[in-house]
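Thank you all for coming; I would like to walk you through one model this morning, taking a few helices and a few single residues in turn. Please have the display ready, and I will start as soon as it is up.

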Amino acid sequence: MPHPGWQNFGFDGIGTRWEISTPAPLAPALRAGLLAEVERYDSTWSRFRADSLVTRVSVTPGQYGLPAEASGLAALYRQLYALSGGAMTPLIGKSLEQLGYDPQYSLRPHGAAIAPPAWDDVLEWHGTSLTTTAPVVLDIGAAGKGQLVDLLAGQLRSHGVPDFFIDASGDLLNGGRQPVQVALEHPYDATKAIGTVPLGSGALCASASNRRAWGDGLHHVLDGTTGAPVRTVVATWALADSAMEADALATALFLVPAADLEQHFRFSWLKVFSNGSAEYSAAFEGALFT
């Protein structure tokens, strides 16, 4: 709970735990609206649901109409795809399934790592229009949870709730006026912290190779040029105005030099490497423990 005395609304959605804290309890109708938005988003973008739009795209090539939020996802992913030389891609889904992170959660590799197809070979994505020339498994997990945080924040504000704190299992958005001190989870021990950072109005998102890990060195942050897990970076944090950007940039920090990202995005960051060293931006206001 970010502030003593605030009320908490907790629920499960898109495969993770959510907590929305507000000064006063949310009205039942608003709670129902928030849950409906989570369900709508999941029914479009989840590759783990047989009834989702993404699952239909994975079976049948063709032209598809997407909801309004697709425009923001398309623009952000296309920019990061270019900056990463194809390493960060929404086409990574089949590569994840190959390594065992599939709709059945088998967590058993089906063979060696495979690189996803090149964007322009199979996909045209302009705003809310998606056209595929082959079955493709979209995975927008690097930015999707953050975007859903932003969408729920928009609902809260539109219903006259200006002060709130959303915690989507580590993707955080502070919509209030008071800063919140946030612990930075140790990448090898979830019961410990490596430091703290004050989160003012805005978002803090993290990505870590231990969050969805299985087997021998297998985890969910893959290099789209090879389809194999990234080995050199173990955890990242990004602070930005929107949760979608913070979420996407936390993943991009595994794949793109931070200096390159800073030329295109306004954010601060922390990166922890597998050798135990850390780097952080000049604007990062957190304190690391020694």
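Arg78 lies in helix H3, where helices (H or I, at least four residues) and strands (E, at least two) are DSSP runs, numbered from the N terminus. Because its relative accessibility is 32%, Arg78 counts as partly exposed; buried means under 20% relative accessible area, exposed over 50%, and partly exposed in between, with a 1.4 Å probe and protein chains only. Leaving aside residues up to four places away in sequence, Arg78 touches Trp119 and Asp120, and contact here means heavy atoms within 4.5 Å. Arg78 and Val221 are 143 residues apart in sequence, and their C-alpha atoms are 18 Å apart in space.

Before going further, I should say that this is a predicted model, in which local features need pLDDT of at least 70 and side-chain atom pairs count only at pLDDT 80 or more, while totals for chains, interfaces and linings use all residues. Residues are numbered from 1 along each chain as its sequence is written, and side-chain values use heavy atoms, with hydrogens and water left out.

Let me stay with helix H3, which covers residues 70-83, has 14 residues and reaches 20 Å from its first C-alpha to its last, close to the 20 Å expected at 1.5 Å a residue; the expected span of a helix is 1.5 Å times one less than its number of residues. Which residues of H3 are buried? They are Ala70, Leu73, Ala74, Leu76, Tyr77, Leu80 and Tyr81, and what covers them includes helix H1 (28-45), helix H5 (119-122), strand S4 (123-126), H6, H7 and helix H8 (258-262). Just after H3, Gly85 takes a positive phi of about 65 degrees.

One of those covering elements, H7, deserves a closer look, since H3 and H7 pack at an angle of about 25 degrees with their axes 11 Å apart. That makes H3 roughly parallel to H7, given that angles under 35 degrees count as roughly parallel, over 145 as roughly antiparallel, 65 to 115 as roughly perpendicular and the rest as oblique. The axes are lines fitted to C-alpha atoms, for helices over the stretch in contact, and angles run from 0 to 180 degrees between N-to-C directions. On the H3 side the contact is made by Gly72, Leu73, Leu76 and Leu80, and on the H7 side by Met244, Glu245, Ala248, Leu249 and Ala252. By class, this contact of H3 with H7 has 7 nonpolar, 1 polar and 1 charged residues, where Ala, Val, Leu, Ile, Met, Phe, Trp, Tyr, Cys and Pro count as nonpolar, Asp, Glu, Lys and Arg as charged, and the others, Gly among them, as polar.

H7 also meets H6: the axes of helix H6 (residues 141-158) and helix H7 (residues 243-252) come within 7 Å and cross at roughly 160 degrees. H6 and H7 are therefore roughly antiparallel to each other. From H6 the contact involves Gly141, Ala142, Ala143, Gly144, Lys145, Gly146, Gln147, Val149 and Asp150, and from H7 it involves Ala243, Met244, Asp247, Ala248 and Thr251. Sorted by class, the contact of H6 with H7 has 6 nonpolar, 5 polar and 3 charged residues.

As for H6 itself, its 18 residues should span 26 Å at 1.5 Å a residue, and its end C-alpha atoms are 26 Å apart, which agrees. Among the buried residues of H6 are Ala142, Lys145, Leu148, Leu152 and Leu156. Just after H6, Gly160 takes a positive phi of about 75 degrees.

Now to two loop residues, beginning with Ile14, which is found between strand S1 (7-13) and strand S2 (16-22) and has a positive phi of about 45 degrees although it is not a glycine. At 26% relative accessibility, Ile14 counts as partly exposed. Ile14 is one of the residues touched by Asp42, the others being Arg49 and Ser52, not counting residues up to four places away in sequence. Asp42 is found in helix H1, and is Asp42 buried or exposed? Because its relative accessibility is 15%, Asp42 counts as buried.

The second loop residue is Ser169, between strand S6 (165-168) and strand S7 (171-174), where phi is near 50 degrees, a positive value in a residue other than glycine. At 24% relative accessibility, Ser169 counts as partly exposed.
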